Structure formats: C-alpha cells, structure tokens
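Please open the model in the viewer and keep the selection tool at hand. The tour proceeds by short selections, each followed by a note on what is to be found there.

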Amino acid sequence: MAEKITSYRFDQLDQTLSQMNKEDCLVMAGGTDVMVLHKSRRGVPPKIRKPIIFIDHLTELKRVYQKGGDLHIGACCTYSELVDDPLIPIPLKKAIKTIAAPAIRNRGTLGGNICNASPAGDTLPLLYVYNAKLLLRSVNGERIIPISDFIQGVRKVQRESNEILAEIILPSVLEEGAHVVFEKVGNRNADAIAKVGFAGYVRVNGAVIEDVRFAFGAVGPTMVRSLDIEKKLCGKTLPLSDSDIAQVVAAFDRIIKPIDDHRSTALYRKTVALNLLRYFLSKKQYQPN
Ligand SMILES: Cc1cc2nc3c(=O)[nH]c(=O)nc-3n(C[C@H](O)[C@H](O)[C@H](O)COP(=O)(O)OP(=O)(O)OC[C@H]3O[C@@H](n4cnc5c(N)ncnc54)[C@H](O)[C@@H]3O)c2cc1C
C-alpha cells in the first residue's frame, strides 16, 4: 500500500513560515526538481519522508517590481511568467528560453533553480554576473545574502529549514548601461541540460572598462567566478590587446576544473568555456542591452 504523505498548502506566506518553524518540511515550488529527485520506479509513488509544503501559489512570492534601480523577482515566478514580464532583462529571458520545454517552463521557478543548486542550473551564471542577492524570510524576519554565498556546492545551499527564498534582487540592473551575454552549450537549442554555461557582463565608459564580470556553469561544483581576474581588466581600454586576452584566458584555464560525465568530457567543457570567454573578450565594441 502507498505510504501517506502529509502536505500543507496555506493561503498566506506567514502561515507557511509558521508551519515551517514548527516542523521540517520539504518545500515544493514547481516540483520539477523535487519530483525527479524523489522518483521511484514506474507506477510507484515517490518516497518523500518529510511533510510537503506547497509554495508555488503564494502571491507574496510571485511579484516582480522595481525598487530604486534594483529589480525584485518573486522566487515562485515561473519561467513562462518571467518571459512575458516586461521588467525582466533580455539576457535572462534568453537563458530561460533555453530551459527544458514549455511544460517545464510553466511549472519551474527561478527560486527553484537557485535552491536546487545544480552546477548546470541555467539561470545561475547570469545571476552571478548580475551580483544577485537573495531575500530569505522566516518567522524571525528576513535576511539578504549574495547568491555566491548562498550556493555552497552541488545541491548545497545556506538555508535554514524554517526559511523560504522569497525574492531574487538584481542590483542596479535596470539603470546600468551594461552589455550582458548568456551562452549555453548543450546537445540542442532547448530541452537539453548544459554542458557549459557562460555569462559575461561589461560596463564601459567610452572605451574604458569600468566593470567586468564572468561566470561559468557546469564546469565545477558551483559557478566559477573570479573577482581577482575581473579586477585586473578594470581600467583597460577597448579593444583589449591579444596579450590581455591571453592572460585572462590562461588565468581561467588554471581555475576551471570540469569533470567527465555522461553529458560531456572535461576536455570538451574546458575548451568550450575558454572559447566562449575568448570570444566575449575579443569584441571590438559592447552595446548596452
Ligand atoms: C524534463 C526536465 C528538464 C529540465 N531542464 C532544465 C534545463 O534545461 N535547465 C535547468 O536549469 N533546469 C532544468 N530542469 C530543472 C528544473 O526544471 C529547474 O531547476 C527549475 O527551476 C526548478 O524549479 P521548481 O520550482 O520546479 O523547483 P522545485 O522542484 O519545487 O524545488 C527545487 C529545490 O528547491 C527548493 N525550493 C524551491 N523553491 C524554494 C524557495 N522559494 N525557498 C526555499 N526552497 C525552495 C525545493 O525544496 C527543492 O529542494 C529540468 C527539469 C526537468 C524535469
């Protein structure tokens, strides 16, 4: 006989947080990762040991709004909702359109992609170069943490069991004249898990680089980003010299350490990651987008 699973679906976030404070629950947003992680063999219900708490319907977690120059995105906005939202930056829409297929995009959420903390999570490289901050809420109040501190490793995040990821905050994203790119390499254009993900961000003043950021996905346990390498490029003039480009590529060559798995080889991943970086750095001009 199938085991019973306790589940909760409260109308409001406060009630949800209060329950999570009493009992360790499995948070279920779109469920597209949860159901895969807990799947049993065909015809057998998933084995879920904790009570499930549904959050995907909570309006407090589905708002997209601007505050100052920052963009706040509710953690439970689905991909389909975000693609239709005029406030969402084009590069993030581009990344979303590469995720799975429409059925999954109708269920899967941005918050779920972050909390699942897969090295191949497609939105993560972009969120890293946007310097995204995460607003976590619990009965004790709220706290804000940079995404790079929140994600600690493969499926490891710094979240207390009574906390919910409520919002993703993209600082200054709506007012900066930055050029941002996202590239994903997979077996096909959609419905494929990334072999390599890359996001690049550059903001120039005339020909001078004021700020530059890079993040690589699927080539390590978490996104690969190096503030030290980025810093060395600030103040340089465009177009970058061949030796500047070679130095940056060599520096990432030392810190990118992919693995061989069923999706790709370490050699292929590293080669593609460095090619994407080289291509981004070789551009003669960067237009804000
Ligand atoms: C067929 C298929 C194809 C896929 N293709 C892709 C792809 O191309 N690219 C890609 O990146 N991903 C892909 N995924 C993975 C998945 O769809 C995404 O990671 C999605 O964003 C997960 O969101 P969700 O709302 O479904 O998360 P859920 O499955 O509900 O949750 C995922 C994890 O995050 C936790 N969680 C979720 N929301 C919160 C919150 N607000 N606060 C605290 N904890 C939370 C859950 O407890 C769970 O541990 C695919 C999945 C499937 C099944």
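Which residue in β5 does Tyr 65 stand opposite? Select Tyr 65 and look across to β5: the residue facing Tyr 65 is His 72. Please bear in mind throughout that this is a predicted model.

**The sheet**

Extend the selection to β4 (64–67) and to strand β5, residues 70–74. These two strands pair in the antiparallel sense, over 4 bridges. Next, add the remaining strands of the open sheet, whose 5 strands follow the order β4-β5-β10-β6-β7 with antiparallel pairing. The edges are held by β4 and β7 (141–146); each has a single partner strand, so one side of each has no neighbour in the sheet. On average, neighbouring strands here are turned by 25 degrees against each other, direction ignored. As a general point, the strands of a sheet pair through backbone hydrogen bonds, in either a parallel or an antiparallel manner.

Now move to the β7 edge and select strand β6, residues 133–138, together with β7. Their antiparallel pairing runs over 6 bridges, and the two strands form a hairpin with 2 residues between them. Within this pair, select Arg 137 and then Glu 142 in β7, which is the bridge partner of Arg 137.

**The ligand**

Select the ligand and the 30 residues around it; those that come nearest are Val 27, Thr 32, Asp 33, Tyr 79 and Thr 109. By type, the shell comprises 17 nonpolar, 9 polar and 4 charged residues.

Which elements should be coloured next? At least two shell residues each are supplied by β2 (26–28), α2 (34–37), α6 (110–116) and β10 (164–170). The largest share, 4 residues, comes from α6. Strand β10, already seen in the sheet order, is thus also one of the contributors to the shell.

Zoom in on the oxygen atoms of the ligand. A polar side-chain atom of Thr 32 lies 2.6 Å from one such oxygen. For Ala 29, a backbone N or O atom lies 2.8 Å from an oxygen atom of the ligand; for Gly 31, a backbone N or O atom likewise lies 2.8 Å from a ligand oxygen. Taken alone, the ligand exposes 980 Å², of which the protein buries 87%.

**The two domains**

Finally, colour domain 1 (7–170) and domain 2 (178–281) separately. Why is the ligand described as lying between them? Both domains give residues to the shell around the ligand, so the ligand lies between the two.

Terms used:
Residues are numbered from 1 along each chain as its sequence is written. This is a predicted model: local features need pLDDT of at least 70, side-chain atom pairs count only at pLDDT 80 or more; totals for chains, interfaces and linings use all residues. Side-chain values use heavy atoms; hydrogens and water are left out. A residue is near a molecule or strand if one of its heavy atoms lies within 4 Å of it. A polar contact is a pair of N or O atoms within 3.5 Å; within protein, one must be able to donate a hydrogen and the other to accept it, and residues adjacent in sequence count only if both atoms are side-chain atoms. Accessible areas come from the Shrake-Rupley method with a 1.4 Å probe; for residues, only the protein chains shown count as cover. Ala, Val, Leu, Ile, Met, Phe, Trp, Tyr, Cys and Pro count as nonpolar, Asp, Glu, Lys and Arg as charged, and the others, Gly among them, as polar. Domain bounds come from an automatic or database domain assignment. Two strands pair if DSSP finds at least two bridges between them. Axes are lines fitted to C-alpha atoms, for helices over the stretch in contact, and angles run from 0 to 180 degrees between N-to-C directions.
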